[in-house]
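Trainee: Could you walk me through reading a ligand site and a helix in a model like this?

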Amino acid sequence: MGAALATGLATGVLGMTTASSSAAEGPELIVNGDFSSDFIDPWWSTPNAPSAVVDGQLCAEVEGGTVNPWDAIVGQDGLPLTAGESYELSYTATATAPVTSRTNVQLAEEPWTQELAAADQISQAPETFTHVFTASADYEAAQLAFQIGGSDDPLTFCLDDVSLTGGAEPPVYEPDTGSPVRVNQVGYLTEGPKAGTYVTEATEALPWTLNAADGTEVATGTTTPQGVDPTSEENVHTFDFGDVTEAGDGYTVTVGEHVSEPFAIGDDLYADLRTDALAYFYHNRSGIEIDAELVGEEYARPAGHVNVAPNQGDDGVTCWATTPCDYTLDAAGGWYDAGDHGKYVVNGGIATAQVLSTWERTLTAEGADGEALGDGALAVPEQGNDVPDILDEARWELDFLTAMQVPAGEELAGMAHHKLHDAAWTGLPLLPHEDSQARELHPPSTAATLNVAAAAAQGARLFEPYDAAYAAELLTAATTAYEAALANPDMLADPNDGVGGGAYSDNNVTDEFYWAAAELFITTGEDTYRQDVLSSELHGDAEAVFPPGGFSWGSTAALGALNLATTDNGLTDSERDGVLAMVTEAADGLAATAQDALYGVPLAGTENYVWGSNSQVMNNMVVLATAHDLTGAAEYRDAVLSGLDYLLGRNPLNLSYVTGYGERDVHNQHHRHWANQLDATLPNPPAGSVAGGPNSALQDPIAEDLLQGCAPAMCYVDHIESFATNEVTINWNAPLAWLASYADDLGAGAGGDPGEEPATCEVTYTSHRWSAGFTSSVTVENTGATPISPWELTWTFADDQRITNAWNAVVTQSGQDVLARPVNWNGTVPPGGSVNFGFQGTASGQAADPQAFTLNGGGCTTG
Ligand code: 9MR
């Protein structure tokens with residue numbers, strides 16, 4: 001039957017039996033043909049026919065006054081066709097004024113060779129069109145185009161149930177994973193851990209070689225077979241070259257015939273990443289022209305959403321029709337959330353907080369470098385205003401967040417609107433100033449209001465030295481917001497409010513209350529906020545504050561807890577110890593997770609590869625890095641660095657998830673104007689933009705199409721339309737900036753390297769033995785003249801003692817060797833001072849007390 005129809009192009013309307021059985025039976029090639037998910041991707045349209053999904057159909061607002069059919073087009077690319085195979089296209093369409101759709105299936109570039117060229121009369125009454133054709137050539141990625149230009153008057157063209165079936169089943173998508181030798185493609189800090197992963201079926205240990213750029217063999221060793229990695233469902237080995245500390249570029253690791261991507265060993269690996277990751281925010285500012293002098297010609301663009309046609313402007317936004325209000329807000333400015341043009345208070349808050357914390361860390365962590373974030377350090381237009389550039393950047397969003405508050409005198413005064421975005425989802429590509437959709441305020445929510453309270457309170461204390469008046473304004477906004485949230489504690493955003501923008505709904509705001517109370521307490525010292533912190537059900541609950549899957553926009557208590565632990569504030573010593581204990585308890589778990597993970601990632605299990613999994617990893621790294629800042633314990637630092645390894649190439653796909661970093665960096669992230677994959681005249685994302693990462697829930701049409709059956713950490717595709725695996729967003733780049741800052745400071749020697757300074761000391765070790773075990777107490781005295789910080793004590797048991805739990809120290813044991821490090825409050829042993837810790841364990845034999853101890857490289861006397 002297919003052959004009979006192969007003679008020419010067949011055109012038909014509803015009811016015609018033109019389909020060949022082979023075509024009808026073939027696989028569906030159109031992605032998102034029924035628009036049931038409210039998303040428009042991967043459909044595109046020309047700028048004069050802006051399209052959106054409305055009531056489960058795609059509708060294009062086609063401008064009048066065009067001449068040719070191809071002057072206005074709605075289309076989809078990427079359709080694989082096979083020569084000689086028969087295909088059936090069908091769709092339903094309407095138009096508010098009669099228009100002919102030149103409906104083509106064709107080559108997606110010159111000479112636009114047509115395999116189907118139909119002319120369909122579209123009118124107001126919905127009609128279904130069906131066409132059958134046979135492909136005359138093979139196409140990797142043909143295009144379906146509805147050419148609907150040529151009308152004098154504007155019209156609305158709507159499309160639904162688009163289907164193109166036929167041909168053979170397309171080949172199963174196989175990611176190109178390159179070399180099975182997986183490393184951090186940027187590199188390893190000289191004094192940091194250095195490990196990689198090798199994918200192989202082999203079960204025996206294999207020799208590896210580390211070569212310098214000139215080919216010289218620098219080190220050799222053998223891999224450790226590890227069995228099947230659950231996150232990739234592949235058999236892997238690990239290898240470790242941590243002993244190599246010779247700085248250099250272009251190192252490679254070879255296992256058998258396989259060579260890794262090249263990488264560096266050095267201390268200055270992350271300085272550029274710090275500024276690039278922060279530049280992301282200026283690039284995505286709304287309401288201001290993006291200046292070529294700061295970003296280069298290819299990234300420069302006019303101001304978005306400032307009320308210049310076709311923009312409808314964010315300076316006088318009205319409430320969404322379903323929840324009207326009698327005021328408008330001037331909410332111009334702020335950052336676009338992500339690949340879309342939405343501006344969300346929930347998410348804006350955490351992103352601002354993490355940008356602010358990148359700065360605040362330089363005030364609280366020893367050796368952290370504020371200059372790299374200071375005035376003149378970043379590419380922002382406010383350079384030279386005597387305010388650290390990073391604070392200028394944060395202010396751009398703080399002003400938006402506070403502008404989203406309901407004005408005084410209104411019923412919900414002080415509450416913040418949850419979000420502001422387009423009435424319908426727009427297609428890609430689309431520059432911000434070309435967006436013609438109506439912009440609408442969605443109802444206030446408690447979560448958004450507490451985001452304003454927390455971020456503005458943190459902003460207030462950080463702006464205080466630079467602009468006291470602004471700091472006072474922020475504090476007023478914060479206190480007003482907090483009061484309003486207390487008065488309206490359960491205004492939850494609607495989880496189904498996801499048309500034209502993300503829902504960012506959150507049905508539990510206990511964590512937002514905790515975060516906001518903590519920030520207000522740190523800033524003001526007031527007892528009422530302190531009581532709210534201490535009486536929160538979250539306070540002291542490490543697992544709830546620091547969920548092992550990572551804190552996030554919907555789980556924000558960690559932000560408050562981390563700041564309570566790091567800042568000078570009015571908590572008593574024992575209250576502060578309690579907070580520190582939460583941080584180290586969480587960090588201990590995460591460090592163990594990273595150590596067990598065969599790709600070094602501090603993300604437990606297989607269930608946490610969710611939308612934005614890379615940000616979950618990064619937020620866990622922020623917890624670890626903060627624990628390292630607080631205690632100096634190297635195991636926390638090591639887990640941060642192995643997390644960086646994962647993000648930058650040591651992962652099941654052998655990809656660096658950060659643009660511009662690593663040989664195999666991803667670069668087609670979902671973004672409306674960094675859309676080079678769709679339009680060669682537009683750029684790819686600039687360097688330093690992190691992709692969301694693997695998401696095993698396959699929540700976008702491309703992921704659904706390509707990634708069926710993927711192993712969790714492999715559910716990712718570097719495709720612009722895969723918004724659920726490959727988007728960029730402010731709350732993901734913010735922890736990236738924080739971590740790059742931490743890692744660069746580390747490279748520059750901050751945080752200390754335990755063991756460097758030999759110490760003089762006396763150790764008193766006492767123990768109590770019972771049948772199956774023992775309890776020991778250790779007192780370490782600093783008998784020298786300088787403080788020891790952080791301290792690190794090692795010894796070797798003579799017998800079979802196994803430590804099972806410890807207090808007042810982090811104690812790890814490997815064979816008979818034991819390493820004890822401070823917990824949190826006892827990181828420093830002052831001259832003449834001492835620390836005491838203890839542990840319990842099991843033992844079967846004699847369990848003799850150890851006699852020799854080493855403190856930070858120096859031998860101790862025993863007392
Ligand atoms: O980051 C958000 C993720 O946690 C949610 O699961 C997902 C679906 O609701 O939404 C993500 O946020 C997107 C937002 O809704 C719209 N802008 C882009 C954001 C990143 O993909």
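Mentor: Let's start with the ground rules, then take the ligand, and end with a helix.

Mentor: This is a predicted model, so local features need pLDDT of at least 70 and side-chain atom pairs 80 or more, while totals for chains, interfaces and linings use all residues. Residues are numbered from 1 along each chain as its sequence is written, and side-chain values use heavy atoms, leaving out hydrogens and water.

Trainee: Which residues are around the ligand?

Mentor: Near means a heavy atom within 4 Å. Here that gives D337, A338, D340, Y344, G502, Y504, W553, W611, E727 and W732.

Trainee: And what about polar contacts to the ligand?

Mentor: Look for a pair of N or O atoms within 3.5 Å. A ligand nitrogen sits 2.9 Å from a side-chain N or O atom of D337. A ligand oxygen is 3.2 Å from one in the side chain of Y504, and an oxygen of the ligand is 2.9 Å from one in the side chain of W611. The protein covers 80% of the 450 Å² of accessible area that the ligand has on its own (Shrake-Rupley method, 1.4 Å probe).

Trainee: How do I check the length of helix α14?

Mentor: Helices are DSSP runs of H or I, at least four residues, numbered from the N terminus. The expected span is 1.5 Å times one less than the number of residues. For α14, residues 634-647, the 14 residues should span 20 Å, and the end C-alpha atoms are 20 Å apart, so the two agree.

Trainee: How many residues of α14 are buried?

Mentor: Buried means under 20% relative accessible area, with a 1.4 Å probe and protein chains only. In α14, 13 of the 14 residues qualify.

Methods
Helix = DSSP H or I, 4+ residues; strand = E, 2+ residues; numbered from the N terminus. Buried < 20%, exposed > 50% of the residue type's maximum accessible area, 1.4 Å probe, protein only. Polar contact = N/O pair within 3.5 Å; in protein donor to acceptor, adjacent residues only side chain to side chain.
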